[in-house]
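Take a look at the sequence and the structure below. A short tour follows, moving from the whole chain to single residues.

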Amino acid sequence: MKETKLPIFDANTVEFVTVAAEFCGFLERTPEMQPSEFVDRVLKLLPLLYLKASLLPDCEPLDDIEPETFVTETDYEHLRNLIAVQLGPDDDYLEVFLDEMAFSDTPIKQNISESLADIYQPLKDFVCVYSIGFEPTMNDALVRCKEHFKAYWGRTLVNVMRALHNVKYNENHES
């Protein structure tokens, strides 16, 4: 009899959890870094995070109840503010890859800090649920995280990378 490996213990899931936890911890340590170090490191973490998320195994929900969330609005806003302070005037960028652009002739102003906080929130919730160790909830948190990656935070990740790339390599900066 062959034992089936649960998606939550798949090597790709474990690697994703590791990178997601590192990303969340990194953002929480934002004030400890210089702006150039922050931008450089986040530009290295984001592609790795995207790669690991894209390799997550298929899984089905086990329960109809949504997994618990841990990031409060206050936590979100605190993190967003830490990043905004870190980036200063470089926090703003013009986004052209939003659904709202179909109805607009001009780019829409976005914030790197808000985009990174939008990625942080579902990842931190996932990592917190995963760390509790209750397998059915871990599974459902994985399903939810993967769905949110496909629908929202994966797109946010690639869009904010363009803005961060511009901050790092803009000729007007001494990074």
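What percentage of the 175 residues of the protein chain count as buried? The figure is 42%. Here buried means under 20% relative accessible area, exposed means over 50%, and partly exposed lies in between (1.4 Å probe, protein chains only).

This is a predicted model, in which local features need pLDDT of at least 70, side-chain atom pairs count only at pLDDT 80 or more, and totals for chains, interfaces and linings use all residues. Residues are numbered from 1 along each chain as its sequence is written, and side-chain values use heavy atoms, with hydrogens and water left out.

## The overall plan

The protein chain has five helices and two strands. Along the sequence they follow the pattern α-α-α-β-β-α-α. Helices (H or I, at least four residues) and strands (E, at least two) are DSSP runs, numbered from the N terminus.

Now consider contacts, meaning heavy atoms within 4.5 Å. Among contacts in the protein chain with a separation of 6 or more, 74% are between residues 24 or more positions apart.

## Helix α1

Helix α1 covers residues 11-28, which is 18 residues. From its first C-alpha to its last it reaches 26 Å, close to the 26 Å expected at 1.5 Å a residue. The expected span is 1.5 Å times one less than the number of residues.

Aspartate 10 caps the N-terminal end of α1. One of its side-chain oxygens lies 2.8 Å from the backbone nitrogen of asparagine 12.

Which residues of α1 are buried? They are Thr13, Phe16, Val17, Val19, Ala20, Phe23, Cys24, Gly25, Phe26 and Leu27. The buried residues of α1 pack against α2 (35-54), α3 (73-87), α4 (112-132) and α5 (135-169).

## Aromatic rings

The structure holds six aromatic pairs. Rings of Phe, Tyr and Trp (its six-membered ring) pair if their centres lie within 6.5 Å; planes under 30 degrees apart count as stacked, over 60 as edge-to-face and the rest as tilted.

Phenylalanine 126 and tyrosine 130 form a tilted pair. Their centres are 5.6 Å apart, with 45 degrees between the planes. Both residues are buried. They are four residues apart in helix α4, so about one helical turn separates them.

Phe16 of α1 appears again here. Together with Tyr50, Phe126, Tyr130, Phe149 and Trp153, Phe16 forms one aromatic cluster.

## Salt bridges

The structure holds eleven salt bridges. A salt bridge is a side-chain nitrogen of Lys or Arg within 4 Å of a carboxyl oxygen of Asp or Glu. The table shows some of them.

| Basic residue | Acidic residue | Closest N to O |
|---|---|---|
| Arginine 41 | Glutamate 37 | 3.9 Å |
| Lysine 146 | Aspartate 58 | 2.9 Å |
| Arginine 144 | Glutamate 66 | 2.9 Å |

Start with lysine 146 and aspartate 58, which meet in a salt bridge. This pair links distant parts of the chain: lysine 146 is in helix α5, aspartate 58 is in the loop between α2 and α3, and they are 88 residues apart. Lysine 146 is buried, at a relative accessible area of 11%. Aspartate 58 is exposed, at 65%.

Arginine 144 forms its salt bridge with glutamate 66. Here too, the pair links distant parts of the chain: arginine 144 is in helix α5, glutamate 66 is in the loop between α2 and α3, and their positions lie 78 residues apart in the count. Arginine 144 is partly exposed at 22%, whereas glutamate 66 is exposed at 53%.

Salt bridges that share partners join Glu22, Arg29, Glu37 and Arg41 into one network. Within this network, glutamate 37 and arginine 41 are four residues apart in helix α2, so about one helical turn separates them. Glutamate 37 is partly exposed at 34% relative accessibility, and arginine 41 is partly exposed at 31%.

## Glutamate 60 in the loop

Where is glutamate 60? Its place is in the loop between α2 and α3. Glutamate 60 is exposed, at 61% relative accessibility. Leaving aside residues up to four places away in sequence, glutamate 60 touches Asn139, Asp140 and Val143. Glutamate 60 and valine 143 are 83 residues apart in sequence, yet 6.5 Å apart in space, C-alpha to C-alpha.

## The two strands

Strand β1 (residues 92-95) and strand β2 (residues 108-111) pair in the antiparallel sense over four bridges. Two strands pair if DSSP finds at least two bridges between them. Aspartate 92 has asparagine 111 in β2 as its bridge partner. In β1, Tyr93 and Glu95 make up the covered face, while Asp92 and Leu94 make up the uncovered one.

Methods
Polar contact = N/O pair within 3.5 Å; in protein donor to acceptor, adjacent residues only side chain to side chain.
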